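Trainee: Hey, got a minute to go through this one with me? I'd like to start with the cysteines.

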Amino acid sequence: MLITHGTYDNRGALIGAGESAKSFVSLHATVLFDVYTSDGFGTLAKKKILPLDEFPIKGYTKVVIASQFISEIVEALLDKGVDINTLFWFDFLQKKIAPVSEMFFRRSKNYSTLYAVYDLEVFPPNYEIAVFLARVEVERISLGLDNITLIIVAGTFGGVSARGILSHGFESAQWRVAHIINAIGRLMPSCKGVHHICDRNMLAKLCEEKISYPADLTERPSPEHFYLGPLVHAYHSGVEVRPFRASRAAKIHTKSFIDNFLNGAPFITISLRENDYQHTRNSNFDMYQKICYEVSKLGLSVVVIRDTDAAFSSPVNWHKSIECPVASFDLDIRMAFYEQALLNLSVSSGPSWGLMLLSPKINFFLTNILDTNYRSTSEEFLKNAQGIRKGDQYPFSNEFQRLCWKDDSEDIALEFMELLLRRLKVC
């Protein structure tokens, strides 16, 4: 039936005979296909409708479902043994199809789930959950399980830990839980559910007789669960350790922004850290403004993504740059911008260390990797916990996914522009 370049074969099936199915037929009037419905009554496009209970297990290479009862239909077909990779859903609003495998997960006893428990009583309300989830994904693959369900357990201090409140403040900590912790799991294709529970007694019931990460939920969770080092070892064993992707919907929205505000031109992003917390790690505005000017001379656009607290403040107004405040708040939109940019520039921060570094689709240039003022950015911590030594690159990163270890702003700017020019040659 439908393949990537829009042509069809003669082993296609269409399930449904209502308005959605008629819309599909109107777009593909010459397609050769069989039509099925639950009752097998009537005709569609001059074809006799067949009953769904006669649907052959291996009869079709492509099957398009155009029905509001898609969930029930998918479950019935999977129960019969039909390969989920042959199933597609027709979106009659956008006149497109999407693979069912990206949308559905089975809830039957044969479908195996790893329950990932992120305990806010111990773990921080920030982007370190990205590394935790990457570790969970490695564990899921090693166990041969089908999907992940993320369970977020509220802490006792306003939903987080006392440390979380002290580090971020009460309002900011709660915001981070809602907009980072609860949202990030949806950027992982294998994560099929996110549950936030406030009653710890519910945790045992949710995970009873199930496989969990951490394995022992009776012990206090260790901060080691969000160390990057084990991902390096997993990568060397052949596992993809970067699980995060922007959704198709987010990429459609950001493309609209790019077309309307950038005239579809190639662009880079500059993500700014402008935080009172650990302020010495903040972005060098003067350096970034100069880089923005040099980038514009190449005919490229610059999308500036501000720190969340500064997203609605006065624009930086750098030469031919444009800001997109929604990307400061919505992880999926932010991820989509990063994926579609030629290159992404940022200091070492939560979004960069969590989202950029842990995506195979994002090209990045990260600076300010070391900061001796804080343990988490010290050379010793990077080596022992994060699996990298000063001057090195992560083995899972490609040519255009770089950590910059230089300190001088002119050296940093020069190295960035050299990388951008190389990127332009291959795009």
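Trainee: So why is the sulfur of Cys-207 not in a bond with the closest cysteine sulfur?

Mentor: Keep in mind that this is a predicted model. The closest cysteine sulfur to that of Cys-207 belongs to Cys-191, and it sits 13 Å off, which is too far for a bond. A disulfide needs the two sulfurs within 2.5 Å.

Trainee: Okay, and is Cys-207 buried or exposed?

Mentor: Cys-207 is buried, with a relative accessible area of 9%.

Trainee: What about Cys-427, how far away is its nearest cysteine sulfur?

Mentor: That would be the sulfur of Cys-292, 18 Å away, and Cys-427 is in no disulfide. Cys-427 is exposed, with a relative accessible area of 58%.

Trainee: How many disulfides does the count come to, then?

Mentor: Zero, going by that cut-off.

Trainee: Switching topic: what volume does the second largest pocket have?

Mentor: About 800 Å³. Its lining is made up of 26 residues.

Trainee: Which of those lie nearest the centre of the pocket?

Mentor: Glu-102, Met-103, Ala-246, Ser-247 and Arg-248.

Trainee: And which helix or strand gives the largest share of the lining?

Mentor: Helix H8, with five residues. H8 covers 248-261, and strands E6 (87-91) and E10 (191-197) each supply at least two lining residues as well.

Trainee: Last one: how does the lining split by class?

Mentor: You get 13 nonpolar residues, eight charged ones and five polar ones around that second largest pocket.

Conventions:
Residues are numbered from 1 along each chain as its sequence is written. This is a predicted model: local features need pLDDT of at least 70, side-chain atom pairs count only at pLDDT 80 or more; totals for chains, interfaces and linings use all residues. Side-chain values use heavy atoms; hydrogens and water are left out. On a 1 Å grid over the protein atoms alone, a cavity is a set of points where a 1.4 Å probe fits but cannot get out, and a pocket is an open set with protein on both sides within 12 Å along at least five of seven lines; lining residues have an atom within 4 Å of a point. Grid points are joined across faces, edges and corners, and a volume is the space filled by probe spheres set on the points. Helices (H or I, at least four residues) and strands (E, at least two) are DSSP runs, numbered from the N terminus. Ala, Val, Leu, Ile, Met, Phe, Trp, Tyr, Cys and Pro count as nonpolar, Asp, Glu, Lys and Arg as charged, and the others, Gly among them, as polar. Buried means under 20% relative accessible area, exposed over 50%, partly exposed in between (1.4 Å probe, protein chains only).
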